[in-house]
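Thanks for coming. I will go through one structure today, starting with the fold and ending with the pocket. Please look at the screen while I talk.

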Amino acid sequence: VLGMIEVALAYTKIRSANSRGNRWREGRLWTIQSRLKKLLGEYLWSFQDTIRLSDFSAFRNFVRRNGPRVIYITFNYDLLLETALSAEKIPFCYCLAFLRKGVAVLKPHGSINWFKAGRKLPPGVRSFELGDRKQQRGWDAQGESERIQACFTLDPKALRFQRWKEPVIIPPTPTKQVENEDLKRIWAAFSSAVHTTRRLEIIGYSLPEVDRLA
């Protein structure tokens, strides 16, 4: 459905200027897309509410066996990987600048715990701003509101905003319009990691046609 909305958005740009009566005008499509992302985020957050560590022992064994100094790349929006790492007390970061005893988690399609800056997080909630403002050229032109905050708190009850805050996720479409500078850095890190690694494991990925870029 997100892919269909992306196509519809592209279609609105090629319609004639006198098509104001078009039911699927751009503003309406953006609203529908935002609501759908919120619902998707709320649905996936609901699993964090009822998750039991015993339910995914295989996942925990996997991250425990891999240990630190590993780069994980996942196209999923959910937080199962982060939950497994937290359960095993393995620190993680959403960039390549990970700690010596931790791992890097790169999510090219975004995540349900990533949000655009603009609203303050509840007190006590740890967050990390993707990208380095000092090193990122042209940051002022992009604007503070376009920054992405990655939240390290995996408990939805502590967040209290999953019902109204839209997560930063990229629809799995062939075009993958990645315009946000922070997301561009994630894709650049993803490419760098794959090209320079000495060992690559691909698990449960079907390599569909729509993911040619990946």
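The chain has 214 residues, and 42% of them count as buried. Keep in mind that this is a predicted model.

Start with the secondary structure. The chain has seven helices and seven strands. Going along the sequence, the order is α-α-α-β-α-β-β-β-β-α-β-α-β-α.

Now the interior. In general, nonpolar side chains in soluble globular proteins tend to be buried together. Here the largest nonpolar core comes to 41 residues. Leu-85, Tyr-94, Val-103 and Trp-114 have the most contacts inside this core. As for the elements involved, those giving two or more residues are helices H2 (26-50), H4 and H7, together with strands E3 (103-106), E4 (110-116), E6 (148-151) and E7 (167-169). H7 supplies the largest share of the core, six residues.

Next, the aromatic rings. How many aromatic pairs does a search of the whole structure find? The count is eight. Ring pairs also link a cluster made of Phe-92, Tyr-94, Trp-114 and Phe-152. Two of its members, Tyr-94 and Trp-114, were just named for their contacts in the core.

On to the cysteines. The structure holds zero disulfides. Why is there no bond between Cys-93 and Cys-95? The closest cysteine sulfur to that of Cys-93 is in Cys-95, at 3.3 Å, and that is too far for a bond. The cut-off for a disulfide is 2.5 Å between the sulfur atoms, so the pair at 3.3 Å does not qualify. Seen from the other side, Cys-95 also has Cys-93 as the residue with the closest cysteine sulfur. Cys-93 counts as buried, because its relative accessibility is 12% and the limit for buried is under 20%.

A few loop residues deserve a look. Arg-69 sits in the loop between H3 and E1. Its phi is positive, about 55°, although Arg-69 is not a glycine. Is Arg-69 buried or exposed? Arg-69 is exposed, at a relative accessible area of 55%.

Lys-89 is another such case, in the loop between H4 and E2. Lys-89 is not a glycine either, yet has a positive phi of about 60°. With a relative accessible area of 73%, Lys-89 is exposed.

Then there is Lys-101, in the loop that joins strand E2 (92-93) and E3. Lys-101 is exposed as well, with 62% relative accessible area. Lys-101 is 31 residues from Val-70 in sequence, while the C-alpha atoms of the two are 9.7 Å apart in space.

Last, the pocket. As background, rolling a probe the size of a water molecule over the atoms shows where empty space is left. In this model, the largest pocket holds about 1400 Å³ of space. It is lined by 37 residues, and the closest to its centre are Ile-71, Tyr-72, Ile-73, Leu-200 and Glu-201. Which elements give two or more residues to the lining of the largest pocket? They are helix H3 (57-66), strand E1 (71-73), helix H4 (80-87) and helix H7 (181-196). H7 gives the most to this lining, seven residues. By class, the lining has 22 nonpolar residues, nine polar and six charged.

To close, one element to keep in view is H7: it gives the largest share of the core and the most residues to the lining of the largest pocket. That is all I have.

Definitions and conventions: Residues numbered from 1 in each chain as written. Predicted model: local features only at pLDDT ≥ 70, side-chain atom pairs only at ≥ 80, totals over all residues. Heavy atoms only, no water. 1 Å grid on protein atoms, 1.4 Å probe; cavity = no way out; pocket = protein on both sides within 12 Å on 5 of 7 lines; lining within 4 Å. Points joined across faces, edges and corners; volume = space filled by probe spheres on them. Helix = DSSP H or I, 4+ residues; strand = E, 2+ residues; numbered from the N terminus. Nonpolar A, V, L, I, M, F, W, Y, C, P; charged D, E, K, R; others polar. Buried < 20%, exposed > 50% of the residue type's maximum accessible area, 1.4 Å probe, protein only. Phe/Tyr/Trp six-rings, centres within 6.5 Å; stacked < 30°, edge-to-face > 60°. Core = buried A, V, L, I, M, F, W, Y, C linked by side-chain atoms within 4.5 Å.
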